[in-house]
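User: Got a minute to go over a model with me? I'd like to hear about the surface and then the aromatics.

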Amino acid sequence: MSPQPRGYPDGVDRPATLADVAAASGVATSTASRALANPGRVNAITRERIERAARELNYIPNSQARALTSGRTRAIAVLVSDVTNPFYFGIIRGTQQQLKAAGYTQILVDTEESDELEDGMLHKLRPSFDGAILAASRLTDRRLTALADEVPLVAINRQTRGVANVFIDTPNGVEQAVGHLVSLGHREIVYASGPETSWSNERRWRALVRAAEGYGVKALRVGPFAPRQYAGAAAADAVLHAGSTACIAFNDLLAIGMLARFRERGVDVPGDVSLVGCDDIFGADFCNPPLTTLTAPIEQAGRTAVAMLLARLDDGAAPVTRQAATLPTHLTVRASTGPARAVTTAASAPSTPPTPPKGRG
C-alpha cells in the first residue's frame with residue numbers, strides 16, 4: 001500500500017481542511033479557526049498543538065472560504081497615489097510589517113494621482129478586503145466621508161471630519177523651514193505647488209503664508225506642478241522668473257528635479273537660490289548639493305494606520321477606538337540652503353537695475 005499523502009487525511013485525495021486540523025489536535029473547529037486567525041485568543045499550549053497539526057497536514061487556509069464563513073478576508077487594501085514615489089516606500093513597508101505581524105495580507109493599489117481610479121478600485125476590490133488605508137487620498141471630503149460610512153478605513157495625510165486618520169504634520173515643518181530661511185536673510189519665499197487635488201499641498205501653502213506673515217516676509221506661489229522629478233524643470237524656471245532667493249517645494253521629487261534644472265541653467269544653489277524639499281526620501285542627501293528637507297516618520301505612519309484600522313475591525317465602530325493621530329516632522333538642514341544673495345532694489349539704488357541670479361534667461 002502506498003503511503004498516505006501528507007495533507008490528505010484518511011487516504012482521501014483532497015487538501016486538508018480546518019476540520020481535519022481540529023480533529024488531529026483534539027479541539028473544536030471553532031477553536032482551531034481562532035488559533036490560526038487570532039493566535040492571541042487561544043492559550044499557548046493549545047495554539048501550539050493546533051499549529052503543529054496544521055503543519056503536519058500541510059493545511060493551507062482558503063481565504064475565500066474563510067470570508068464566506070466568517071465575513072472576513074484577512075486582507076487590507078493599501079492605496080497610494082504614486083507607487084514610484086519613494087515617499088510611499090516607507091508607508092508600504094510600515095503597513096506591510098504591521099499587517100504581516102497581525103496575520104493579514106496587504107493588497108497594494110496604485111491610484112496614479114486619480115480620484116476616479118481611487119474610487120473605482122475601492123468599489124471593484126471591496127469583496128476582497130476587510131478595510132482600507134488611503135495614503136494621500138485625492139478624493140473630495142464629501143466622497144471620503146461617504147466611503148468611510150461604507151468601508152472601514154484610515155486616511156494618511158488627510159484630515160476629514162468623521163474619518164479616522166494619521167496626520168504627518170508637514171505644515172509645522174514648513175513653518176520651521178520659513179524660520180530657517182528668514183534667519184538666513186531671505187525676505188521673499190516661493191512655494192512650488194503640488195497637485196491641486198492634494199489636500200496636504202493646500203495645508204503646506206497655508207502654513208507658509210501664515211509663517212511668512214508672522215516673520216514679515218513675502219510669500220509667493222507658483223504651479224501647480226506634478227509631484228515628480230520631471231516637473232522640476234518647469235518649477236525651477238518659474239522660481240527664477242519670480243526673482244525670489246528661496247523656495248520651498250511641495251515634495252523632494254519636485255525639488256530634486258529643480259536642482260537639476262538650476263544646475264543646467266548655471267544657477268548656484270544655495271548661492272543664488274536656496275531650496276527646501278519635503279519628505280526626506282531616500283536619495284535626498286545624495287543630491288548635489290544635498291537637499292534641506294522636512295523629515296517625517298513615514299514608516300511609523302503606516303504602522304499607526306494599520307493599528308488604528310485593525311482596532312476598529314476588532315472592536316467594530318466603538319467610540320473608544322482612536323480616531324486620529326498626529327506625527328511630528330522636523331527640518332533637516334543640508335547644503336541646499338544658505339545666506340540670501342544681495343538683491344539691489346529700485347528703492348535703495350534707483351540708478352542701478354536689479355541684478356538677476358546668474359544663469360537667468
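**Surface, fold and ring pairs**

Analyst: Sure. This is a predicted model, and the accessible surface of the protein chain comes to about 16900 Å², with 53% of that belonging to carbon and sulfur atoms.

User: And what share of the residues counts as buried?

Analyst: Of the chain's 361 residues, 50% count as buried.

User: How many helices and strands are there?

Analyst: The protein chain has twelve helices and twelve strands. As for contacts between residues at least 6 apart in sequence, 67% join residues at least 24 apart.

User: OK, switching to aromatics. How many pairs does a search of the whole structure find?

Analyst: Four aromatic pairs. One of them is Phe87 with Tyr88: the ring centres are 5.1 Å apart and the planes sit at 75°, over the 60 degree cut-off, so that pair is edge-to-face.

User: Are those two buried or exposed?

Analyst: Buried: Phe87 has a relative accessible area of 6%, and Tyr88 is at 3%.

User: What about Tyr191 and Trp205, how do their rings sit?

Analyst: Their centres are 6.1 Å apart with the planes at 25°, so this pair is stacked. Tyr191 is in strand E6 (residues 188-192) and Trp205 in helix H9 (residues 199-215), so the pair ties together parts that are 14 residues apart in sequence.

User: And why does Trp205 count as buried?

Analyst: Because its relative accessible area is 15%, and buried means under 20%. Its partner Tyr191 is buried too, at 1%.

Terms used: Residues numbered from 1 in each chain as written. Predicted model: local features only at pLDDT ≥ 70, side-chain atom pairs only at ≥ 80, totals over all residues. Heavy atoms only, no water. Phe/Tyr/Trp six-rings, centres within 6.5 Å; stacked < 30°, edge-to-face > 60°. Buried < 20%, exposed > 50% of the residue type's maximum accessible area, 1.4 Å probe, protein only. Helix = DSSP H or I, 4+ residues; strand = E, 2+ residues; numbered from the N terminus. Contact = heavy atoms within 4.5 Å. Areas by Shrake-Rupley, 256 points an atom, 1.4 Å probe, with all protein chains shown as cover.
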